[in-house]
Amino acid sequence: MTLIEIVDKLLEIAQKMPNIGYVGEGDIYELNNIPNIEYSVFFITQDTHRVYENKVEYTLNLFFVDRIIEGTPNRIFVQTNGISTITNIVNKLVAEEDVDVLYPLNFTPFNQRFADDCSGVWARITFVVDNSLGICVYQ
């Protein structure tokens, strides 16, 4: 799989989840410019990618963001839901496609003001696929 295929498949899987209202890729701070966003959000940003002789490693940051309900201590609930949701999305990708993941999955909780007061988690995940090009030179 290529980078775009992995990103598109992750977004497709997330879009079908009942608790995800918005999916996106790019700059996470674009969420500030979406005034009536439907939560929960699944968002992807890119990290470093590595090409080896027989494999390629694509590292992506996967975010789960949800609104904090004023007067309700739901921050830890949102973060717990985020860990489960991201794990389920990654597991579905690995089950359906020829993709492996480097474990462990490490989740970082956060609180952030986007268009709303939000909480969530993000995970830096490395997806491993076969390198179909190898190290051959094409002329």
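Here are some notes on the predicted model above, feature by feature.

1. Overall layout. We have a chain of 139 residues, and 40% of them count as buried. The secondary structure comes to two helices and six strands, and reading along the sequence gives the pattern α-β-β-β-α-β-β-β. Along the principal axes, the C-alpha trace spans about 60 × 30 × 25 Å.

2. Aromatic pairs. The structure holds two of these. Take Phe-63 with Phe-110: the ring centres are 6.3 Å apart and the planes sit at 65 degrees, so this pair is edge-to-face. That label follows because planes over 60 degrees apart are counted that way. Phe-63 belongs to strand E3 (residues 55-67) and Phe-110 to strand E5 (residues 107-113), so the contact ties together parts that are 47 residues apart in sequence.

3. Burial of those rings. Are the two Phe residues buried or exposed? Phe-63 has a relative accessible area of 12%, so it is buried, and Phe-110 is buried too, at 14%. The cut-off behind both calls is under 20%. If you're looking at this region on screen, bring up Trp-122 as well: ring pairs link Phe-63, Phe-110 and Trp-122 into a cluster.

4. Salt bridges in general. How many salt bridges are there? The count comes to nine. I'll go through three of them below, starting with one in helix H2.

5. Glu-96 and Lys-92. These side chains meet in a salt bridge, with 2.7 Å from N to O. Both residues lie in helix H2 (residues 75-96), four residues apart, which is about one turn of the helix. As for accessibility, Glu-96 is partly exposed at 37%, and Lys-92 is partly exposed at 41%.

6. Lys-16 and Glu-12. Here the N to O distance of the salt bridge is 3.5 Å. Lys-16 has a relative accessibility of 65%, so it counts as exposed. Glu-12 comes out at 37%, so it counts as partly exposed. The cut-off for exposed is over 50%.

7. The network. Which residues are linked in a network of salt bridges? They are Lys-9, Glu-12, Lys-16, Lys-92, Glu-96 and Glu-97. The bridges in points 5 and 6 therefore both have their residues in this network. It's worth displaying the six side chains together.

8. Lys-55 and Glu-57. This is a salt bridge with its closest N and O atoms 3.2 Å apart. Now look at the accessibility of each partner: Glu-57 is buried, with a relative accessible area of 6%, whereas Lys-55 counts as partly exposed at 32%. So this bridge joins a buried residue to a partly exposed one.

9. Negative surface patch. Five residues with names to look up form this patch: Glu-5, Asp-8, Glu-25, Asp-27 and Glu-30. Of these, Glu-25 is found in strand E1 (residues 22-25). Glu-25 is partly exposed, with a relative accessible area of 37%. That value passes the patch requirement because the cut-off there is over 30%.

10. Cis peptide bonds. Two places deserve a look at the backbone. From Tyr-39 to Ser-40 the peptide bond is cis, with omega near 5 degrees. Ser-40 is in the loop between E1 and strand E2 (41-51). A cis peptide bond also joins Tyr-103 and Pro-104, where omega is about 5 degrees. Pro-104 lies in the loop between strand E4 (100-101) and E5.

11. Asn-131. Where does this residue lie? Asn-131 is in the segment after strand E6 (117-130). With a relative accessible area of 13%, Asn-131 is buried. Set against Phe-42, Asn-131 is 89 residues away in sequence and 28 Å away in space, C-alpha to C-alpha.

Note on methods. Residues are numbered from 1 along each chain as its sequence is written. This is a predicted model: local features need pLDDT of at least 70, side-chain atom pairs count only at pLDDT 80 or more; totals for chains, interfaces and linings use all residues. Side-chain values use heavy atoms; hydrogens and water are left out. Patches are made of residues with over 30% relative accessible area and no salt bridge: like charges are joined within 9 Å, nonpolar side chains (Val, Leu, Ile, Met, Phe, Trp, Tyr) within 5 Å. Accessible areas come from the Shrake-Rupley method with a 1.4 Å probe; for residues, only the protein chains shown count as cover. A salt bridge is a side-chain nitrogen of Lys or Arg within 4 Å of a carboxyl oxygen of Asp or Glu. Lys and Arg count as positive and Asp and Glu as negative; His and the chain ends are not counted. The place of a charge is taken as NZ of Lys, CZ of Arg, CG of Asp or CD of Glu. Buried means under 20% relative accessible area, exposed over 50%, partly exposed in between (1.4 Å probe, protein chains only). Rings of Phe, Tyr and Trp (its six-membered ring) pair if their centres lie within 6.5 Å; planes under 30 degrees apart count as stacked, over 60 as edge-to-face and the rest as tilted.
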